[in-house]
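Subject: Handing over a structure, with notes

Dear colleague,

Here is the structure I said I would pass on to you, with the sequence alongside. Please look through it first, and then read the notes below, which go from the whole chain to single residues.

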Amino acid sequence: MNRRSFAQSVGGAIALSALPGSSRWNAPSDGSPARIMAIAAHPGDGLFTMGAVLAQQIERGGTGALLSLSLGERGAPKEIPVQQYGEMQRTATQKATHLLGADSIFLTYPDAEIPFNEESTLAVCDAIRQYRPDIILTHWSGSWHKDHQNCHLIVRDAIFYAALETLSRSLPAHTVSKIYHADNWEDATNFVPDTYLDIEAVFEKWLQACDFYPMWRGQTGFFRYNDYYSALAVMRGCLSGFKHAVALMSDTGQRTSRLRSL
């Protein structure tokens, strides 16, 4: 049997299936809407793989924010200058998050050069302390993309720093209750989903938000994002018993069961 939970709401009342390894972690799940923060290397990654989760939590009365470490400007087609494409990405993200009711936050690292170091980690730590999310979504480590790998590492350490009471920054410490990794075609190595989220109520709105991006509409000619992620939502829905769903991989610490008896 594999580990799997079927969730109407991430961070809310997760309906855990009676399968080995499934467990609640840290904060209690009382069904209340949460503050959720998606942290992505590039804006498109955030909206395409994490935007539906943000939208679902906001639909339930929670709040959401998307933090992009770069603008993804080097994904520009040849006919568009890199800097211009970066601003197009920024505008698309602002429009998309506004539609979903989320906040958009940008750091200024160059696309393809996002560094994993103390400076970048502390910048994300400060963003976490400022927004104070209950839940964080980010990249899984099993990626062929350097920026995605570094984003995973940055977020891991930033969450640790954000909770460290003895680390003096401009804002007080904050502990994140839950961490999930997104289902991204570029991060598929050893990605094993264990949580399925029903996104039917926000599916069309999420598609509209994604459509602000030229790359979603195929204008960069690199990958059929629209077809892939809309079909993925159907496939994940088939596996979970929902019409449309998002699959997530929980952090390893959230899978640990602490039992006195079975």
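**The chain as a whole**

Among the contacts in the protein chain with a separation of 6 or more, 77% are between residues 24 or more positions apart. Please keep in mind throughout that this is a predicted model. The secondary structure of the chain comes to six helices and nine strands, and of its 262 residues 55% count as buried. The surface that the protein chain exposes is about 11,800 Å², of which carbon and sulfur atoms supply 53%.

**The nonpolar cores**

In soluble globular proteins, nonpolar side chains tend to be buried together. In this model the largest nonpolar core has 38 residues, and the members that touch the most other members are L47, F48, L137, I199, W206, Y213 and W216. At least two residues of this core come from each of β3 (35-40), α1 (43-59), α2 (82-100), β6 (135-138), β7 (178-182), α5 (203-210), α6 (225-240) and β9 (245-250), and α1 gives the most, with seven residues.

L137 shows what such a position looks like from the inside: leaving aside neighbours within four places in sequence, L137 is in contact with I36, M37, A38, I39, M50, V53 and Y180. There is also a second, separate core, made up of 25 residues, which includes L67, A127, A158 and I159.

**Helix α2**

I looked at α2 in some detail, beginning with its length. At 1.5 Å a residue, the 19 residues of α2 should span 27 Å, and this agrees with the model, where the end C-alpha atoms are 27 Å apart.

Which residues of α2 are buried? They are Y85, G86, Q89, A92, T93, A96, T97 and L100, and because they cover an arc of only 125° around the axis, they are on the same side of α2. The cover over these buried residues includes α1, β4, β5 and α5, whereas the face of α2 turned away from the buried side carries the exposed residues Q83 and H98.

T97 is a useful residue to follow within this helix. T97 has a relative accessible area of 2% and is therefore buried, the cut-off being under 20%. Not counting residues up to four places away in sequence, T97 touches L47, L66, A102, D103 and S104; of these, L47 is also listed among the core residues that touch the most other members. Just after α2, G101 takes a positive phi of about 85°.

**Helix α5**

A similar reading can be made for α5, whose buried residues are F203, W206, L207, A209 and C210. Because they cover an arc of only 160° around the axis, these residues are on the same side of α5. What covers them includes α1, α2 and α6, and one of them, W206, is also listed among the core residues that touch the most other members.

**Salt bridges**

Side chains of opposite charge can pair when their charged atoms come close. The count of salt bridges in this model comes to six, and I describe some of them here.

In one of the six, E113 pairs with R74, and the closest N and O atoms are 2.7 Å apart. E113 lies in the loop between β5 (103-106) and α3 (118-131), while R74 lies in the loop between β4 (63-68) and α2, so the pair ties together parts that are 39 residues apart in sequence. Are these two residues buried, partly exposed or exposed? E113 is partly exposed, with a relative accessible area of 43%, and R74 also counts as partly exposed, at 45% relative accessibility.

Another salt bridge joins the side chains of R90 and E87, at 3.3 Å from N to O. Both residues lie in helix α2, three residues apart, which is about one turn of the helix. R90 counts as partly exposed at 26% relative accessibility, and E87 is partly exposed as well, with a relative accessible area of 39%.

R156 forms a salt bridge with D157, with 2.9 Å between the closest N and O atoms, and R156 counts as partly exposed at 46% relative accessibility.

With best wishes

Definitions and conventions. Residues are numbered from 1 along each chain as its sequence is written. This is a predicted model: local features need pLDDT of at least 70, side-chain atom pairs count only at pLDDT 80 or more; totals for chains, interfaces and linings use all residues. Side-chain values use heavy atoms; hydrogens and water are left out. A nonpolar core is a set of buried Ala, Val, Leu, Ile, Met, Phe, Trp, Tyr and Cys residues joined through side-chain atoms within 4.5 Å. Buried means under 20% relative accessible area, exposed over 50%, partly exposed in between (1.4 Å probe, protein chains only). Helices (H or I, at least four residues) and strands (E, at least two) are DSSP runs, numbered from the N terminus. Contact means heavy atoms within 4.5 Å. A salt bridge is a side-chain nitrogen of Lys or Arg within 4 Å of a carboxyl oxygen of Asp or Glu. The expected span of a helix is 1.5 Å times one less than its number of residues. The arc is that of the directions from the helix axis to the C-beta atoms. Accessible areas come from the Shrake-Rupley method with a 1.4 Å probe; for residues, only the protein chains shown count as cover.
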